[in-house]
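The following exercises concern aromatic rings and their surroundings. Each task is followed by a worked solution.

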Amino acid sequence: MGQRQGRSLIDRPEHMNVTTLFINGAIRTMDRARPTAEAIAADASGRILALGTTAELRDLAGPDTTVVDLGGRFVMPGIVDFHMHVISGMTTRLRSFAIDAGDDFEAVLMRVRKAAEGKPEGAWLTGSAYGATALADIEKLGIEAKRLLDEASGGRPVLLTHGSLHGAFANGAALAAAGIDASTADPAGGRIVRVDGEVTGLLEESAMWIVDGAVPALGDGEIVDVARAAVGYFNSVGVTGFSDAQSTPEMIAAFRTLDNAGELSTWAGFHLSASRTCSTWSKEAEEFLSRHEAACGPHMVAGNAKIFLDGVPSLKTAAMIAAYPGTNEHGEMYLSPDELFAEIAAHDRQGIGVKVHAVGDAAICRVLDAVERVRAENGDNGPWHHIAHGQYIPHEDIPRMKRLRVIADLNPPMWFVNHASLAHERVVGKERYATVWPIRTMLEAGVTMAVGSDWMTVFPELSPWQSLAGLLTRADPSGRLPGVHSPHEAITLDQALPLMTRNGAQGMGLGDKTGQLAPGFSADFIVLDRDLHAVEPRAIADTKVLKTFFEGREVYTA
Ligand SMILES: [Zn+2]
């Protein structure tokens with residue numbers, strides 16, 4: 001069928017104005033009608049006119065056509081990353097020093113000393129992101145850890161972020177700048193950790209926002225620079241579409257500036273912080289949703305909202321049906337069933353899709369119950385809604401995901417062995433961790449899934465290839481850490497690639513524009529240094545992007 005579609009276009013070359021002809025590629029299209037091709041013809045706007053073999057399309061080249069030889073390389077649609085924290089991630093990348101997830105507290109202090117060198121007195125130092133080893137050391141040291149951090153920074157305020165982005169560690173200077181002392185009450189949905197009444201510097205959930213709010217914010221021009229740097233970084237790792245998971249009107253305005261200037265070489269989706277459960281909530285973000293279409297440039301979509309329902313397992317704040325092992329803690333939820341239903345229903349009526357952060361099984365059930373009520377009241381034709389993270393989905397609820405048109409927003413750190421996944425496993429217990437991310441089961445049940453890196457949670461580097469290798473093996477792609485998480489939930493390469501391309505585009509409402517290479521779609525694709533089908537799954541993790549094309553234009557070259 002795809003063959004016929006291609007030929008019908010080729011038969012009428014007079015209708016085509018081929019600006020660029022890409023030949024000699026080993027192209028995987030993600031188009032069900034034509035899974036492979038060698039050549040792509042695109043027009044001046046970067047739209048695909050035809051795909052076929054090199055021999056079939058060569059005749060379409062006119063005297064003004066640029067012919068690009070893909071050198072026999074593996075070519076696929078650009079990665080569509082379904083869950084990112086673009087501005088905070090890139091700001092951290094540009095401004096903060098990196099902490100390795102495996103660092104102990106001694107190693108963290110060394111990094112702080114290095115970051116402090118030459119910095120003016122009073123300058124903020126931010127580091128990202130410590131893991132379970134450093135956290136255990138900090139907890140053991142108690143008040144002393146905060147003092148050591150003051151000493152290492154030379155009295156400069158320091159805020160270190162935990163890999164989950166749901167917890168942080170601040171020193172005395174940072175706490176003072178934020179106005180936190182022993183008399184400060186815990187904020188709603190957060191905890192200022194204390195020992196014998198004294199503040200330790202560890203901050204959980206909403207308590208970390210108090211100190212975060214004291215870090216000097218980006219200026220107007222700076223946010224555009226950060227957005228521009230992010231786009232360049234994304235293109236360099238093969239990303240040509242992203243969905244920001246917690247967006248503000250300022251952020252969207254920055255990307256609009258880039259789009260107007262022709263500098264936005266990726267599709268950009270946004271989920272407004274329109275719920276009070278978001279750290280970045282504002283009245284403006286709520287109001288923005290009624291004018292989102294006018295506010296967006298041609299490569300942007302912002303008709304989505306974000307809600308946080310629970311926290312993360314590593315801090316025991318994800319809402320679980322059964323208590324965390326060895327405790328009587330079940331985590332917590334920030335909205336009652338009625339409140340959650342009311343928020344989703346109001347958005348759904350306006351055609352606004354909602355991404356709900358729900359990790360624990362209790363939270364996931366509450367989301368599905370709410371969407372079930374929404375569909376019953378508003379009708380079945382409302383927008384798709386998403387469950388972000390959702391890794392502890394009860395298996396009996398999987399059919400509801402499909403029936404209610406809820407997309408599973410899958411995030412890599414939990415489906416293959418790494419420092420963060422092992423830390424989670426220790427908190428929730430091996431038995432419960434064995435149920436994590438039943439991706440193959442969900443695929444077989446017909447659930448729509450899309451991969452979002454959740455960058456920069458857990459991994460400082462954005463690596464779609466590490467995520468992909470992890471989907472295929474559920475083991476540590478570097479081979480350093482032993483073990484495999486639920487190997488029976490591994491999927492094949494052909495099953496995994498649409499989750500990283502086509503499905504994310506569909507979930508963003510761009511399913512007719514990008515995410516696959518087919519006539520009428522944007523020529524957004526990447527050229528890789530290896531044939532993903534020819535190498536061992538583990539070697540996929542080291543894949544390098546040689547070139548990235550957006551709308552037929554080369555936007556990155558290695
Ligand atoms: Zn996230």
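**Exercise 1.** Over the face of which residue does arginine 93 lie?

Solution. This is a predicted model, in which local features need pLDDT of at least 70, side-chain atom pairs count only at pLDDT 80 or more, and totals for chains, interfaces and linings use all residues. Residues are numbered from 1 along each chain as its sequence is written, and side-chain values use heavy atoms, with hydrogens and water left out. A charge sits over a ring if NZ of Lys or CZ of Arg is within 6 Å of the ring centre and within 35 degrees of the ring normal. Arginine 93 lies over the face of tyrosine 233, at 4.0 Å from the ring centre.

**Exercise 2.** Classify the pair formed by phenylalanine 416 and phenylalanine 459.

Solution. Step one: rings of Phe, Tyr and Trp (its six-membered ring) pair if their centres lie within 6.5 Å; planes under 30 degrees apart count as stacked, over 60 as edge-to-face and the rest as tilted. Step two: the centres of phenylalanine 416 and phenylalanine 459 are 6.1 Å apart with 10° between the planes, a stacked pair.

**Exercise 3.** State whether phenylalanine 416 and phenylalanine 459 are buried or exposed.

Solution. Buried means under 20% relative accessible area, exposed over 50%, partly exposed in between (1.4 Å probe, protein chains only). At 1%, phenylalanine 416 is buried; at 22%, phenylalanine 459 is partly exposed.

**Exercise 4.** Identify the aromatic cluster that contains Tyr233.

Solution. Tyr233 forms one aromatic cluster with Phe234, Phe242, Phe255, Phe270 and Trp455. Two of these residues, phenylalanine 255 and phenylalanine 270, are buried.
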